Structures are given as structure tokens and as C-alpha cells.
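Let's take a walk through a protein model together. Have a look at the picture first, and then we'll go through it step by step.

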There are 2 protein chains.
Amino acid sequence: MDVPLGYLFRDLDDDQLKRIAAVAREVAMENGQEICREGEEAKELYILKAGAVELMTRVEDDVELPISILREPGDIFGAGVLVAPYLYSVTARCAGTGFLFSIERSAMQKLMTEDRDLGCIIMTNLAAHYLGRLKESRREIKIHFSTLLRSYR
Amino acid sequence: MDVPLGYLFRDLDDDQLKRIAAVAREVAMENGQEICREGEEAKELYILKAGAVELMTRVEDDVELPISILREPGDIFGAGVLVAPYLYSVTARCAGTGFLFSIERSAMQKLMTEDRDLGCIIMTNLAAHYLGRLKESRREIKIHFSTLLRSYR
């Protein structure tokens, strides 16, 4: 099975990628379907095969804030399976039909424990990804702050 | 040398901690001293021994936004040494006198390559840390957003 390569699997060798593909399961997704929900236990890692997925975060009971839309095959969400306490940090919803690969948390953990090199590469990629997101998020805060500053000047 | 344990070194065993302490160098810091600057090449990882360090990010040429103040022995900054392209993501400045431990990037990389288990644990701790910061940062954006929402209702 050909699992597309997202940021999380960068720098892995062919043999390592084969072992990951071997534990991935293909799932069809329907338009509007909620795939995972913010705050719930992270049981599966998801890799986009085709289609689009919206990532959202809850602001108030009835208000959600969009975080990003994933469209590239290989885009990943549900990385909460890799970090204790294993919770989804966003809600993911399909925008249009498409296909995902999903990998169970226990299968990921087994691969990463058996091959520490693979584990180290994946966690390095994940840390780099979160750092990128953190910088984006800080840029957004700076924009709010700059706007506030100007309104007081 | 007794290097205090921050989040980055959690779950390492005594032998691994000893190897880290062996490459750490103690440095005195002066009040107001800039230790590292946002956007510059990350050459050293810093561990707080005593005192306090302010982390800031630049908003405009003459305006900085505080991100956090580190006060706990073992608090870490300069983790950009662990993630390509190896840049400091914040500016760190001493608030009061104190002491730091610093570890050169090449020494960290050597330890992490020679002991993949150590590397994997450190990168897992770092990913968890960045995820925590990302959640905090998103909470801040939500507050701005909620305030905006209320002003339009």
C-alpha cells in the first residue's frame, strides 16, 4: 500500500516506510464527517490520502475557530497519539469526500519502541512541526497586538 | 556537576543524565544581559540554574511582547539547537543576576546520535513542550477572538 509521505515521515528509509505502510488502514471519509474531536483520547494517527480536512478549535460552546485546511496527500493530523497524555488537540472534519490512512496508537508505539532510530526521527519531525505551528500562532498574536498598539497611538 | 532537571530531561536514566551534565558549562549572567536573540543561529541550549530569564518576541522594530518568565531551576530555553534550521525562536534576557548551564549544539547532537534512546526521549519531551506552548498560544488567540465576538453581538 502506498502511503503518501507527510512531514512526520521525512528522513525515514524505505524499509522504515514499508513498516509504517504495513500498519496503516485505508478509510473512506464523507463530506462533513467528524474524524476526531478536540480533547478526546487520541486513538489513531491520520494521514490524508485524498480530499480535504478542516482543523478547528472550540472557542465557546457554539463557536469554532478554523486552524487550517489540509489538502496535500501526506498531510497529518491526530499527532496527539504520539505525545502523552494522548489527547486530540483539534477537531478534524472532512471538507468533501476523500480517503485517509489511519494508524492505531499501539501500532505506532510498537514501531517506535522496536526501532529507536525511527522513533527519534518521527519525534524530531513532530517537534519541528509543532515549533512551526507555534511560530504561526505567535505571529497571529503579534498582529492582534500591533492592531491594539496602533489604536492607542 | 549537578544540572537541575527540566522537562527536556524527564525520563532519562542516571547514566544518561551524567553524560549530559558532563558536557554542560556553567555561566554567570548579569541583570539585563541578552543571552540569545530571536532569529539568530542557535548555538547553545540553556538550562536555568538560579535567577530568572525573560523570553520575548519582537512585534515591531521597537516593541517586544513578553512570552514567559523562567524562574525554576531546570527551566530550558534555546531548544532551537535541537530542531533544524537551528534558530532561536525567542530573545532571552536575564532578569536579575543568576547562573545558567549551557550546552553546545554539537555536544547535544553527539549525545543524541550515540544514544538513540536518549535522543528519542529528549525529542518526545520537546514535542510535548511545544504542543503545550501551542495550546497556550491558541488559548490567547481564542480570548482575542471571544472579545471581538462580544463586541459585535
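What follows is a short tour, from the pairing of the chains down to single side chains.

Keep in mind that this is a predicted model. Start with the two chains as whole objects. Two copies of a chain are related by a rotation about an axis and a shift along it. Here, a rotation of 180° with 0.0 Å of shift along its axis puts chain B on top of chain A, with an RMSD of 0.0 Å. That is how a two-fold axis relates things. Both copies also use the same surface: 100% of the contact residues of chain B turn up again in chain A.

So what does the meeting place look like? Chain B brings 37 residues to the contact and chain A brings 38 residues. Between them, the two chains bury about 3,600 Å², and 67% of that is on carbon and sulfur atoms. On chain B's side, the residues that lose the most area to chain A are B:Arg116, B:Arg138 and B:Lys142, which together account for 16% of what that side buries.

Now zoom in on the charges. Side chains of opposite charge can pair when their charged atoms come close. Across the interface of chain B and chain A there are four salt bridges. A:Arg116 makes a salt bridge with B:Asp117, and the closest N and O atoms sit 2.6 Å apart. The interface also has nine residue pairs in polar contact.

Which elements of chain B give two or more residues to the side that touches chain A? They are strand 4 (53-60), strand 5 (63-70) and helix 3 (116-152) of chain B. Helix 3 of chain B gives the most, with 25 residues. Sort that whole side of chain B by class and you get 18 nonpolar, seven polar and 12 charged residues.

Next, stay inside chain A. Helix 2 (residues 105-114) and helix 3 (residues 116-152) of chain A pack at an angle of about 115°, and their axes are 5 Å apart. Helix 2 of chain A contributes A:Met108, A:Leu111, A:Met112, A:Thr113 and A:Glu114 to this contact, while helix 3 of chain A contributes A:Arg116, A:Leu118, A:Gly119, A:Ile122 and A:Met123. By class, that makes six nonpolar, two polar and two charged residues.

Last stop: the whole structure has 22 salt bridges over all chains. One joins the side chains of A:Glu26 and A:Lys49, at 3.1 Å from N to O. Because A:Glu26 lies in strand 1 (residues 25-29) of chain A and A:Lys49 in strand 3 (residues 44-50) of chain A, this pair ties together parts that are 23 residues apart in sequence.

Definitions and conventions:
Residues numbered from 1 in each chain as written. Chains lettered and ligands numbered in written order. Predicted model: local features only at pLDDT ≥ 70, side-chain atom pairs only at ≥ 80, totals over all residues. Heavy atoms only, no water. Least-squares fit on C-alpha atoms with pLDDT ≥ 70 in both. Contact = heavy atoms within 4.5 Å. Buried area = accessible area lost by both parts, 1.4 Å probe. Polar contact = N/O pair within 3.5 Å; in protein donor to acceptor, adjacent residues only side chain to side chain. Helix = DSSP H or I, 4+ residues; strand = E, 2+ residues; numbered from the N terminus. Nonpolar A, V, L, I, M, F, W, Y, C, P; charged D, E, K, R; others polar. Axes fitted to C-alpha atoms, helices over the stretch in contact; angles between N-to-C directions.
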